[in-house]
Structure formats: C-alpha cells, structure tokens
Amino acid sequence: MIASIKGVLTYKCAGDIIVDVNGIGYQVAIPLSTFYILPEIGQPVSLHIHTHVKEDALQLYGFQTSEEKIMFQLMISVSGIGPRLAINILSGISPHDLAEALARGNLTKLTAIPGIGKKMAERLVFELKAKVPQLSETDATAQVGAGSASQQAMLDDALSALVNLGYKNNAAAGALEKTIKESVQALTLEELLKRTLKRLGN
C-alpha cells in the first residue's frame with residue numbers, strides 16, 4: 001500500500017493532481033482543503049496517501065495533513081460513504097469543524113454539506129461520535145494580489161468546482177458573485193472557493 005508520496009507537482013486542479021516521482025506520474029484525488037495549500041506547478045509536494053483498491057482499479061487519495069487522512073478513513077468506514085463522497089465532505093468542511101459537528105451531533109451543519117442528507121448525517125454521528133479525534137484546525141490560506149489569472153477564467157473554474165461538489169449552478173454562481181463583490185482585494189481561486197464554500201454552508 002502507498003501511505004505517502006513525495007515528488008514534483010506537474011498538474012493541479014480542484015479535485016485531482018499529478019505528482020511526478022522519478023519519472024512516474026501518479027494521479028491523486030484530493031479535497032479542496034488540500035488544493036488550497038498546494039505549491040505551484042513544478043515545485044516539490046508531499047502528501048499523506050490513502051490507497052483505495054477495487055477489483056478493476058487502484059485509486060490514490062491525497063491529503064496535506066494527517067488529520068484530513070484520519071477523518072477520510074473514519075468516514076469511509078461508515079456504510080454508504082465511499083471515497084469520493086468522503087473527499088467531497090472534506091472539501092466543504094475542515095477536519096476540525098467536522099469532528100466538532102460529529103461530537104456534538106450537529107445535524108444542521110452536516111446536512112449543509114452537499115451529498116449529506118439527514119439519514120446519512122445521523123448515521124455519521126451514530127457511528128463516529130465516539131471515534132473522532134481532537135483535531136486542530138489548519139489555516140493555510142495564501143494571501144493574494146491582483147496579478148493572478150483573469151477573473152472570468154477564475155470564476156469559470158470556481159463554478160465548475162462547486163457544481164462538481166454538488167451545489168446547484170444558480171446557487172453557486174450567486175454565492176461566487178456575492179463573495180467577489182464583498183472582497184476588498186483580488187482573490188486567488190483557492191481563496192474564492194474557500195470564502196464561497198463558507199457562504200454556502202451558512
């Protein structure tokens with residue numbers, strides 16, 4: 001089993017990256033929380049890895065912190081939670097906030113995450129409430145300047161990422177527009193997604 005990976009980041013988007021390790025490119029699925037703090041293309045990257053083996057495929061899931069990996073592995077131990085849904089959950093809530101919501105049985109916060117209905121939220125609380133570790137929240141948001149990619153291209157990428165996470169197109173587009181209007185400085189894609197996800201979760 002692959003438990004960690006260290007190499008050069010050759011491709012990144014919201015959801016997947018490719019890491020070159022001695023000439024071999026490994027495709028790794030990641031949550032947005034990890035995407036926010038990735039280095040630039042061509043820079044070294046090191047990730048905690050969960051290897052998911054199916055009959056016809058081997059998929060790598062990568063995490064910037066051990067807390068993310070722990071929460072991911074706890075979630076996929078719950079019936080009905082697959083790796084992709086677990087990744088989506090971590091894209092919408094930090095490991096610290098998820099652990100807190102589970103420990104307190106906060107169904108409102110859990111059902112605000114795309115893909116989690118009331119029954120699934122209740123199952124998560126029932127099965128994981130006593131298992132969630134005390135996690136410290138990682139705040140690794142990069143500050144931004146005005147010299148990033150064009151706003152429209154960034155908006156398109158952000159909207160695509162939010163729709164892929166399960167948000168309705170109109171709701172996601174409206175939240176993105178409000179986030180940009182309220183910002184007093186230019187935003188990177190990572191910061192735009194983080195602020196918009198927080199807005200959508202309220």
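The protein has nine helices and five strands. The model is a predicted one. Read from the N terminus, the elements follow the order β-β-β-α-β-β-α-α-α-α-α-α-α-α. The protein has 202 residues, and 42% of them count as buried. Of the contacts between residues at least 6 apart in sequence, 57% join residues at least 24 apart.

The strands are a convenient place to start. Strand E2 covers residues 16–21 and strand E3 covers residues 24–29, and Asn 22 sits in the loop between them. The phi angle of Asn 22 is near 55°, which is a positive value in a residue other than glycine. Asn 22 counts as exposed because its relative accessibility is 79%, and the cut-off for exposed is over 50%.

Further along the chain, strand E5 spans residues 58–63 and contains Gly 62. In contrast to Asn 22, which is exposed, Gly 62 has a relative accessible area of 0% and is therefore buried. Which residues are in contact with Gly 62, leaving aside its neighbours within four places in sequence? They are Val 28, Ala 29, Ile 30, Pro 31, Thr 34, Leu 47, His 48 and Ile 49. For Ile 49, the C-alpha atom is 4.6 Å from that of Gly 62, although the two residues are 13 apart in sequence.

The aromatic residues come next. The structure holds two aromatic pairs. In one of them, Phe 63 and Phe 72 are tilted, with 4.9 Å from centre to centre and 50° between the planes. Phe 63 has 0% relative accessibility, so it counts as buried. Phe 72 is also buried, because its relative accessible area is 0%. Tyr 61 joins Phe 63 and Phe 72 in one aromatic cluster.

Helix H2 is made up of residues 66–75, and Ile 70 is found in this helix. Ile 70 counts as partly exposed because its relative accessibility is 37%. The C-alpha atom of Ile 70 is separated by 9.9 Å from that of His 48, and the two residues are 22 apart along the chain.

Helix H3, residues 83–92, has seven of its 10 residues buried, so it is largely enclosed by the rest of the structure. The buried residues of H3 are Pro 83, Leu 85, Ala 86, Ile 87, Ile 89, Leu 90 and Ser 91.

Between H4 and H5 runs a loop that holds Gly 105. Gly 105 has a relative accessible area of 27% and is therefore partly exposed. Its C-alpha atom is separated by 7.4 Å from that of Lys 129, a residue 24 places away along the chain.

Helix H6 shows a division between two sides. Within this helix, which covers residues 118–128, the buried residues are Met 120, Ala 121, Leu 124, Val 125 and Leu 128. Seen down the axis of H6, these buried residues fall within an arc of 135°, so they line one face of the helix. The spacing follows a general rule: an α-helix has 3.6 residues a turn, so residues three or four places apart point the same way. On the other side of H6, Lys 118, Lys 119 and Phe 126 are exposed. What covers the buried residues of H6? The cover includes helix H2, helix H4 (95–104) and helix H5 (107–111).

The last feature is a pocket. The second largest pocket has a volume of about 310 Å³. Its lining is made of 17 residues, and those nearest its centre are Lys 12, Cys 13, Phe 35, Leu 189 and Glu 190. Which elements each supply at least two residues of this lining? They are strand E1 (4–13), helix H7 (151–164) and helix H9 (189–201). H7 gives the largest share of the lining, four residues. By residue class, the lining of the second largest pocket divides into 10 nonpolar, three polar and four charged residues.

Conventions
Residues are numbered from 1 along each chain as its sequence is written. This is a predicted model: local features need pLDDT of at least 70, side-chain atom pairs count only at pLDDT 80 or more; totals for chains, interfaces and linings use all residues. Side-chain values use heavy atoms; hydrogens and water are left out. Buried means under 20% relative accessible area, exposed over 50%, partly exposed in between (1.4 Å probe, protein chains only). The arc is that of the directions from the helix axis to the C-beta atoms. Contact means heavy atoms within 4.5 Å. Rings of Phe, Tyr and Trp (its six-membered ring) pair if their centres lie within 6.5 Å; planes under 30 degrees apart count as stacked, over 60 as edge-to-face and the rest as tilted. On a 1 Å grid over the protein atoms alone, a cavity is a set of points where a 1.4 Å probe fits but cannot get out, and a pocket is an open set with protein on both sides within 12 Å along at least five of seven lines; lining residues have an atom within 4 Å of a point. Grid points are joined across faces, edges and corners, and a volume is the space filled by probe spheres set on the points. Ala, Val, Leu, Ile, Met, Phe, Trp, Tyr, Cys and Pro count as nonpolar, Asp, Glu, Lys and Arg as charged, and the others, Gly among them, as polar.
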